[in-house]
Structures are given as structure tokens and as C-alpha cells.
Amino acid sequence: MYGELKSEEKNGAQVVKEIAKKRGLVASTIYSHLGTYVSTGQLKTEELVDAEKIKQIERCIDKAGGTVKLSEIREELGESVTFEEIRMVFAQPKYKKKEQ
């Protein structure tokens, strides 16, 4: 799966949907697996989420002092971001360290 994503020149979300369809899964399952790669630094969040969306999500996290619910971010940013995109930002190593 990771190799499929890395070998594509398409939008990360589009590739995730294609992988999910091929495997008979839903996109959220694929994102869950990819979150593992993001959390270990093997996959950059920018490969899955638009850089501007990452900045918006990070601003919300920082504004809340690092402790914020996914639904609060989604409420603040609206439908311009998906829960999967928010999860990918939270999966980044810099946020995982804060949780431990």
C-alpha cells in the first residue's frame, strides 16, 4: 500500500480512494494504516494532505494548546477539511510526542 502511494503522481486522497476500491475497503481504513507510516516519519503528511490544510489544522491544534478534539477542529475549519486529513496531521511525530 505504501509503495502504491509513493509510486503515484496523483493527489494523495485520490490514490487512497483507488487503493481502497481495489482492496474492497473504505478509505478510512487505508488512512488508518497510512497514519502508522506518518507517525514513524516514513511518510510525510504532505504526501496525503494539502500543505495549506496542514497549516490550518496545525494552527487550530496550537491555538488549543495541543489538546483538541478532531470534531472541534472540523467545526472550526468546516467541511474544507476531512476527519482523515485531521487524523494525518495528528499522526505526525511532533504531535505523538506530546501525547506520551
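Reader: What makes the approach of the Gln92 side chain to the backbone oxygen of Val89 a polar contact?

Author: In this predicted model, the side chain of Gln92 reaches the backbone oxygen of Val89 at 3.0 Å, and because a polar contact requires a pair of N or O atoms within 3.5 Å, the value of 3.0 Å meets that limit. Gln92 itself has its place in the loop between α6 and α7 (93–99).

Reader: Why is Gln92 called buried?

Author: The relative accessible area of Gln92 is 10%, and since buried means under 20%, Gln92 is classed as buried. Leaving aside neighbours within four places in sequence, Gln92 is in contact with Val38, Thr45 and Glu58.

Reader: How do you know that Val38 and Gln92 come together in space, and is Val38 buried or exposed?

Author: Val38 and Gln92 are 54 residues apart along the chain, yet their C-alpha atoms are separated by 5.6 Å. Val38, which is found in helix α3, has a relative accessible area of 2%, and is therefore buried under the 20% cut-off. Beyond its neighbours within four places in sequence, the contacts of Val38 include Leu43, Leu48, Met88 and Pro93.

Reader: Which residues have the most contacts inside the largest nonpolar core, and which elements supply it?

Author: That core has 24 residues, and those with the most contacts inside it are Leu48, Ile57, Ile61 and Ile73. The elements that give two or more residues to this core are α2 (12–23), α3 (27–39), α4 (51–63) and α6 (83–90).

Reader: How do you know that the length of α2 agrees with what is expected of its 12 residues?

Author: At 1.5 Å a residue, the 12 residues of α2 should span 16 Å, and because the end C-alpha atoms are 17 Å apart, the two values agree.

Reader: What makes the buried residues of α2 line one face of the helix?

Author: The buried residues of α2 are Gly12, Val15, Val16, Ile19 and Ala20. Seen down the helix axis, these residues fall within an arc of 135 degrees, so they line one face of α2. An α-helix has 3.6 residues a turn, so residues three or four places apart point the same way. The face of α2 turned away from the buried side carries the exposed residues Lys17, Lys21 and Lys22, and the helix is followed by Gly24, whose phi is positive, near 70 degrees.

Reader: Why is the pairing of Lys53 and Glu85 called a salt bridge?

Author: The side chains of Lys53 and Glu85 meet at 3.0 Å, N to O, and because the limit for a salt bridge is 4 Å, the pair qualifies. This pair links distant parts of the chain, with Lys53 in helix α4 and Glu85 in helix α6, 32 residues apart. Glu85, at a relative accessible area of 8%, is buried, whereas Lys53, at 23%, is partly exposed.

Reader: How many salt bridges does a search of the whole structure find, and what makes Arg59 and Glu52 one of them?

Author: The search finds 3 salt bridges. For Arg59 and Glu52 the closest N and O atoms are 3.6 Å apart, and since the limit is 4 Å, the pair counts as a salt bridge. Both residues are partly exposed, Arg59 with a relative accessible area of 48% and Glu52 with 38%.

Reader: What ties Glu76 to Lys63, and why is Lys63 called exposed?

Author: Glu76 forms a salt bridge with Lys63, the closest N and O atoms being 2.9 Å apart. Glu76 lies in helix α5 (residues 70–77) and Lys63 in helix α4, so the pair ties together parts that are 13 residues apart in sequence. Because exposed means over 50%, Lys63 at 63% counts as exposed, while Glu76 at 45% counts as partly exposed.

Note on methods. Residues numbered from 1 in each chain as written. Predicted model: local features only at pLDDT ≥ 70, side-chain atom pairs only at ≥ 80, totals over all residues. Heavy atoms only, no water. Core = buried A, V, L, I, M, F, W, Y, C linked by side-chain atoms within 4.5 Å. Buried < 20%, exposed > 50% of the residue type's maximum accessible area, 1.4 Å probe, protein only. Helix = DSSP H or I, 4+ residues; strand = E, 2+ residues; numbered from the N terminus. Expected span 1.5 Å × (residues − 1). Arc of directions from axis to C-beta. Polar contact = N/O pair within 3.5 Å; in protein donor to acceptor, adjacent residues only side chain to side chain. Contact = heavy atoms within 4.5 Å.
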